[in-house]
Amino acid sequence: MKLAQQRHYLLSLNTHPMIENIMSTFSENIDSLIHSGDSDLKKAESGIQLSVKTLTKLQKHVDKKDFEDPQSEIDFFRNIKPLPMSYHIYFSQVRHCEIKLPKIGNSNKVRFLEKEMKKINQFFSENNSFVSYMEQGHTYLDHMFFSRHGKRDFSFNPNIFYYQYPEFSTSHDLLWSQVQALYRYIHYIREKLERIEPGSSSNFRERKPNLLIWSGTKTNLVEMIYSFYFNGDINHGTVDLKTLFAAFEDFFNIKIDNFYKTYGEIKSRKDPRTKYLHSLAAIMDAKMREDDKK
């Protein structure tokens with residue numbers, strides 16, 4: 001789940017006001033931290049502290065109030081706790097990388113980062129069944145994966161301390177947090193590789209067509225990208241706006257300047273503010289109605 005969607009999601013879950021307040025504050029602080037001009041190491045240190053602080057508050061609330069029903073417990077361990085937990089893991093990985101990254105020689109640095117990518121690939125290979133279950137939006141095993149009364153043989157054993165307590169953990173909430181954290185870590189490594197040796201990260205990117213050009217307006221593209229971001233459709237909502245826009249720029253061979261300003265202009269429109277998305281829906285609906293008549 002991404003930061004921008006957090007408040008809306010909590011409201012839809014009818015979350016306890018205290019949890020909603022804790023998570024809203026966390027989302028705002030993390031977003032501010034990510035977009036700060038601090039070094040990666042300093043961001044990691046601050047991110048770890050912020051994540052632990054948030055997890056501690058959540059744990060105290062759960063210890064005191066617990067949950068009203070089984071579904072509330074599942075929602076918490078599947079959708080709420082993994083947000084700060086995944087950032088804790090992500091920033092711990094970044095801190096580890098920043099400290100262990102060779103200081104001299106670009107080739108040595110690239111080799112180190114390539115090894116990190118291989119570890120990530122190994123993780124996803126070993127946990128492909130669970131990742132597939134989550135990516136497809138299944139819920140039929142949630143009562144075992146995300147309930148403290150479910151399966152207790154933990155499938156994820158972190159190699160560093162990640163904040164695990166029996167009464168504040170289920171068998172798979174840590175694993176789900178790890179999945180989300182590694183999606184972020186992949187983006188971090190790719191950006192690191194590009195800074196060290198431009199083009200070196202291409203070996204880890206999917207082959208993409210180089211003749212696709214966005215022929216619509218940039219404003220329409222911004223509107224569409226923001227809709228993907230707010231709905232959490234890319235990398236389970238873990239991707240940040242900067243990375244998401246960079247991917248679309250790369251794919252469609254286009255440069256999008258100051259997309260924050262464009263988003264502000266879209267917000268200031270009179271209804272319907274999402275004109276492009278409305279037109280896409282209308283066009284597709286009309287085409288399907290036309291097909292039905294054939």
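## A tour of an all-helix chain

Start with the whole protein chain: from the N terminus on, its elements run α-α-α-α-α-α-α-α-α-α-α-α-α. That makes 13 helices and 0 strands. Both are DSSP runs numbered from the N terminus: helices are H or I with at least four residues, strands E with at least two.

This is a predicted model, in which local features need pLDDT of at least 70, side-chain atom pairs count only at pLDDT 80 or more, and totals for chains, interfaces and linings use all residues. Residues are numbered from 1 along each chain as its sequence is written, and side-chain values use heavy atoms, with hydrogens and water left out.

**Stop 1: confidence**

Colour the chain by pLDDT, the predictor's confidence in each residue, from 0 to 100. The chain mean is 82, and 85% of residues reach 70 or more. Select helix α5 (residues 82-100): confidence is highest there, at a mean of 94. Then select helix α1 (residues 6-12), where confidence is lowest, at 48. Next, pick residues 154-163, where pLDDT stays under 50. Residues 206-210 also stay under 50. Where pLDDT is low, the predicted coordinates should not be read in detail.

**Stop 2: a helix pair**

Select α10 (residues 218-231) and α11 (residues 241-252). They pack at about 130 degrees, with their axes 11 Å apart. Axes are lines fitted to C-alpha atoms, for helices over the stretch in contact, and angles run from 0 to 180 degrees between N-to-C directions. The two helices are therefore oblique to each other: under 35 degrees counts as roughly parallel, over 145 as roughly antiparallel, 65 to 115 as roughly perpendicular, and the rest as oblique.

Now show the side chains in contact (heavy atoms within 4.5 Å). From α10 come Leu221, Val222, Met224, Ile225, Tyr226, Phe228 and Tyr229. From α11 come Leu241, Leu244, Phe245, Phe248 and Phe252.

**Stop 3: Ile256**

Move on to Ile256, in the loop between α11 and α12 (259-267). Is Ile256 buried or exposed? Ile256 is buried, with a relative accessible area of 6%. Buried means under 20%, exposed over 50%, partly exposed in between (1.4 Å probe, protein chains only).

Which residues touch Ile256, leaving aside neighbours within four places in sequence? Select Leu221, Val222, Ile225, Phe245 and Glu249. Add Lys218: its C-alpha atom is 6.8 Å from that of Ile256, though the two are 38 residues apart along the chain.

**Last stop: zoom out**

Show the full chain of 294 residues again: buried residues make up 44%. Of contacts between residues at least 6 apart in sequence, 71% join residues at least 24 apart.
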